[in-house]
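Please study the structure shown below before attempting the exercises. Each task is followed by a worked solution.

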Amino acid sequence: MPSGSPASSRSSRRTTRRGSARRVGESVYGLLLLVQAWLMGAVAAALLMAGAWTSLDAMRRVVADRGGVRGMMTVEECDGWTCTGLFTPADGGGEGERPEVVLDALVSHDRGEALPVVLWPGTGEVLRTGLPGILHAWLPFAGALLLASLVIAGGLHLRRTAWASGLLGLALIGAAFAVL
């Protein structure tokens, strides 16, 4: 038979059967890869949901028209993490004025600086309003994006998605610090 005929090529190809132990091992390995991908996806989703939940709670307080008293806080002292000062309601009435309220401040403010804030009844803490307040409220979500990007890159091996998540988190953090 000539060497180029179909019969000779069929005889040169050998079909080997894999053993049942090897097939089971390959199936188990594939199952473990699926479980790893599912677990890493669940961890990334849990991080993002927790960050979004925390941010939405703070966001609700910053932009809500009901429940909070809007006004101005005159900064008296900042110690690095918090600023204290006098709260004056926006409606101009003196009955809502509080001698001392506390603002969580990532950056220090000058003494005498007036900041637009919202005060929730029953608390002595105020939150910034406007764009600085909105971006500050989204900081937990930005941190969750950064953490999730590590899980997405390391556990799911989705490099571009991880880069996008991480850069979006950094952009949110940078914007928050720029406007504060």
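The exercises below concern a predicted model.

**Exercise 1.** Determine which residues are joined into one network by salt bridges that share partners.

*Solution.*
Step 1. Arg18 forms a salt bridge with Glu26, with the closest N and O atoms 2.6 Å apart.
Step 2. Glu26 also meets the side chain of Arg22 in a salt bridge, at 3.3 Å from N to O. Arg22 and Glu26 both belong to helix α2 and lie 4 residues apart, about one turn of the helix.
Step 3. The salt bridges with shared partners thus link Arg18, Arg22 and Glu26 into one network.

**Exercise 2.** Classify Arg22 and Glu26 as buried, partly exposed or exposed.

*Solution.*
Step 1. The exposed class requires a relative accessible area over 50%, and the buried class one under 20%.
Step 2. Arg22 has 53% relative accessibility and therefore counts as exposed.
Step 3. Glu26 has a relative accessible area of 35%, so Glu26 is partly exposed.

**Exercise 3.** Describe how strand β3 is paired with β2 and with β5.

*Solution.*
Step 1. β2 (residues 82-89) and β3 (residues 98-104) pair in the antiparallel sense over 5 bridges. In this pairing, Gly85 is opposite Val101 of β3.
Step 2. β3 and β5 run parallel and are joined by 2 bridges. Here Val102 stands opposite Glu125 in β5.

**Exercise 4.** Which element supplies the largest share of the lining of the largest pocket?

*Solution.*
Step 1. The lining consists of 15 residues, and Glu125 is among those nearest the centre of the pocket.
Step 2. α2, β5 and α3 each supply at least two residues of this lining.
Step 3. The largest share, 5 residues, comes from α2.

Technical notes
Residues numbered from 1 in each chain as written. Predicted model: local features only at pLDDT ≥ 70, side-chain atom pairs only at ≥ 80, totals over all residues. Heavy atoms only, no water. 1 Å grid on protein atoms, 1.4 Å probe; cavity = no way out; pocket = protein on both sides within 12 Å on 5 of 7 lines; lining within 4 Å. Pairing = 2+ DSSP bridges. Salt bridge = Lys/Arg side-chain N within 4 Å of Asp/Glu carboxyl O. Buried < 20%, exposed > 50% of the residue type's maximum accessible area, 1.4 Å probe, protein only.
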